[in-house]
Amino acid sequence: MKKYNVGVIGATGMVGQRFMTLLDNHPWFDVKVLAASPRSAGKKYSDAVGSKWCMDVEIPETMKDIVVMDATADIEKIASQVDFVFCAVDMKKDEIKALEEAYAKAECPVISNNSAHRHTPDVPMIVPELNPEHAAIIPAQRKRLGTKRGFIAVKSNCSLQSYVPALFPLSKFGIKDVLVCTYQAISGAGKTFDTWPEMLDNVIPYIGGEEEKSEKEPLKIWGKVEGDEIVPATAPNFTAQCIRVPVSNGHMGAVFVRFENKPSKEEILNIWKDFAGRAQELELPHAPKQFLHYFEEDNMPQTKLQRDLEGGMAISVGRLREDTQYDYKFVCLSHNTLRGAAGGAVLMAELLCAEGYMD
Ligand SMILES: NC(=O)c1ccc[n+]([C@@H]2O[C@H](COP(=O)([O-])OP(=O)(O)OC[C@H]3O[C@@H](n4cnc5c(N)ncnc54)[C@H](OP(=O)(O)O)[C@@H]3O)[C@@H](O)[C@H]2O)c1
């Protein structure tokens with residue numbers, strides 16, 4: 001595989017820092033550009049990120065001295081130095097939409113963690129194990145944007161990275177209704193216990209905009225490419241409650257599901273055990289060997305014990321049992337800034353490189 005030069009827009013943030021740890025010594029990607037707000041621009045990365053660095057490893061040596069660029073003012077310069085960019089910024093939605101389109105129009109593909117373009121009909125929202133075929137929409141998007149290389153592809157919200165992977169392989173049984181409660185880590189809000197001490201010994205029953213994302217985004221993943229757009233599916237019917245809990249990393253989901261044709265418990269467990277997607281077939285560098293891990297113990301999976309499974313890229317599932325109102329209930333867990341954000345974006349970029357969309 002050839003090497004690709006990449007940039008990270010929003011490099012100083014929580015997701016941006018994850019990108020640093022994942023892209024250090026990446027076999028296919030060389031980080032050439034780091035960018036953030038005008039507050040950070042012109043500073044060395046280590047100075048710009050300063051005390052905000054909250055990963056459990058040091059800032060990679062190769063990135064410390066890179067001078068941070070201005071994500072908006074330096075678009076043309078950045079686009080001329082890299083093959084594509086990752087983007088995870090805290091800006092207003094319309095500003096992010098314009099920023100990402102500007103990079104795409106400068107012929108620089110954008111792999112985005114932001115929500116701004118998730119419902120743009122010709123922007124694919126790809127989980128490489130589930131809907132890699134949605135990349136086929138990219139030529140239609142390029143036509144709309146008037147670009148040869150440039151396009152935008154997005155990651156879904158971190159909340160659904162546990163329950164959608166567990167449910168998707170069961171689609172053949174006709175999933176009718178899904179009720180999910182998520183128990184989400186504070187890093188999902190770009191925070192640590194130092195920056196959000198109110199979360200110690202506390203639970204907050206509201207995460208702005210999260211429930212709508214958790215109900216609506218899965219339907220795009222289940223959708224179909226039709227002509228120049230991805231048409232969202234109309235089922236399953238999702239209802240969600242999203243709760244902030246006092247853990248640093250890892251989003252857990254408690255799921256209730258009703259099927260058209262109820263499978264046996266054994267069928268579900270076998271499907272989870274055998275499930276592998278395009279990421280595993282292509283042996284992408286960040287693909288977990290086993291995507292879905294089922295735990296038999298009643299008290300598993302636990303956030304602290306399983307969130308880092310297979311480098312934080314695998315999904316942990318447990319407690320599958322029959323329910324009195326729905327057909328089944330179970331719990332599931334994923335690492336929100338790895339599989340749910342930067343790791344998922346890196347895996348998507350690996351898929352798009354392997355499939356020739358970055359050439
Ligand atoms: N945290 C998660 O688990 C998670 C999961 C999925 C998706 N996301 C999404 O990823 C994005 C970033 O989240 P985060 O948690 O990493 O946020 P964060 O820690 O607050 O970081 C925000 C980043 O955006 C940059 N930024 C702010 N204003 C900017 C501007 N005007 N121009 C350019 N850059 C600007 C910041 O640069 P400065 O340091 O220079 O201010 C920083 O690099 C958000 O859209 C979020 O919804 C987060």
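## Backbone angles that stand out

Asp201 is exposed, because 7 other C-beta atoms lie within 10 Å of its own, and a residue counts as exposed if that number is 12 or fewer. In this predicted model, Asp201 belongs to the loop between strand 7 (175-184) and helix 8 (210-221), and its phi is positive, about 60°, although Asp201 is not a glycine. Most residues other than glycine have a negative phi. Glu310 also has a positive phi, near 50°, and is likewise a residue other than glycine, but its place is in helix 12 (residues 309-312). Glu310 counts as partly exposed, with 19 C-beta neighbours inside 10 Å, because a residue is called buried if there are 20 or more.

Two peptide bonds also deserve attention when the backbone is followed, since most peptide bonds are trans. The bond from Ala235 to Pro236 is cis, with omega near 0°, and Pro236 sits in the loop between strand 9 (229-231) and strand 10 (237-244). The bond from Met300 to Pro301 is cis as well, again with omega near 0°, and Pro301 is found in the loop that runs between strand 12 (292-295) and helix 11 (303-306).

## A sheet of six strands

Six strands form an open sheet with mixed pairing, and their order across the sheet is 10-7-11-14-13-12. Strand 10 and strand 12 stand at the edges, where each has a single partner strand, so one side of each is left without a neighbour in the sheet. On average, neighbouring strands of this sheet are turned by 20° against each other, if direction is ignored.

Strands of a sheet pair through backbone hydrogen bonds, either parallel or antiparallel. Here, strand 7 and strand 10 pair in the parallel sense over eight bridges, and Val178 has Phe238 as its bridge partner in strand 10. Strand 11 (residues 251-259) and strand 14 (residues 328-334), by contrast, pair in the antiparallel sense over seven bridges, with Ser334 of strand 14 as the bridge partner of His251. The edge strand 10 has two faces: Phe238, Ala240, Cys242 and Arg244 make up the covered face, whereas Asn237, Thr239, Gln241 and Ile243 make up the uncovered one.

## Two domains and their contact

The domain assignment of the protein chain gives domain 1, made of 4-157 + 341-354, and domain 2, made of 159-335. The C-alpha centres of domain 1 and domain 2 lie 24 Å apart, and the contact between these domains takes 34 residues from domain 1 and 29 residues from domain 2. On the side of domain 1 that touches domain 2, helix 13 gives the most, with seven residues, and the residues of this side divide into 18 nonpolar, 10 polar and six charged.

## Around the ligand

Where does the ligand lie with respect to domain 1 and domain 2? Both domains give residues to the shell around the ligand, so the ligand lies between them. This shell holds 28 residues, and the closest are Gly13, Ala36, Ser37, Ser40 and Gly190. The elements that give two or more residues to the shell are helix 1 (14-23) and helix 13 (338-354), and the largest share, three residues, comes from helix 1.

The shell around the ligand is made of 10 nonpolar, 16 polar and two charged residues. Helix 13 therefore appears in two parts of this description, because it gives residues both to the shell around the ligand and to the side of domain 1 that touches domain 2.

Notes. Residues are numbered from 1 along each chain as its sequence is written. This is a predicted model: local features need pLDDT of at least 70, side-chain atom pairs count only at pLDDT 80 or more; totals for chains, interfaces and linings use all residues. A residue is near a molecule or strand if its C-beta atom, placed from the backbone, lies within 6 Å of it. Helices (H or I, at least four residues) and strands (E, at least two) are DSSP runs, numbered from the N terminus. Ala, Val, Leu, Ile, Met, Phe, Trp, Tyr, Cys and Pro count as nonpolar, Asp, Glu, Lys and Arg as charged, and the others, Gly among them, as polar. Domain bounds come from an automatic or database domain assignment. Two strands pair if DSSP finds at least two bridges between them. Axes are lines fitted to C-alpha atoms, for helices over the stretch in contact, and angles run from 0 to 180 degrees between N-to-C directions. Two residues are in contact if their C-beta atoms, placed from the backbone, lie within 7 Å.
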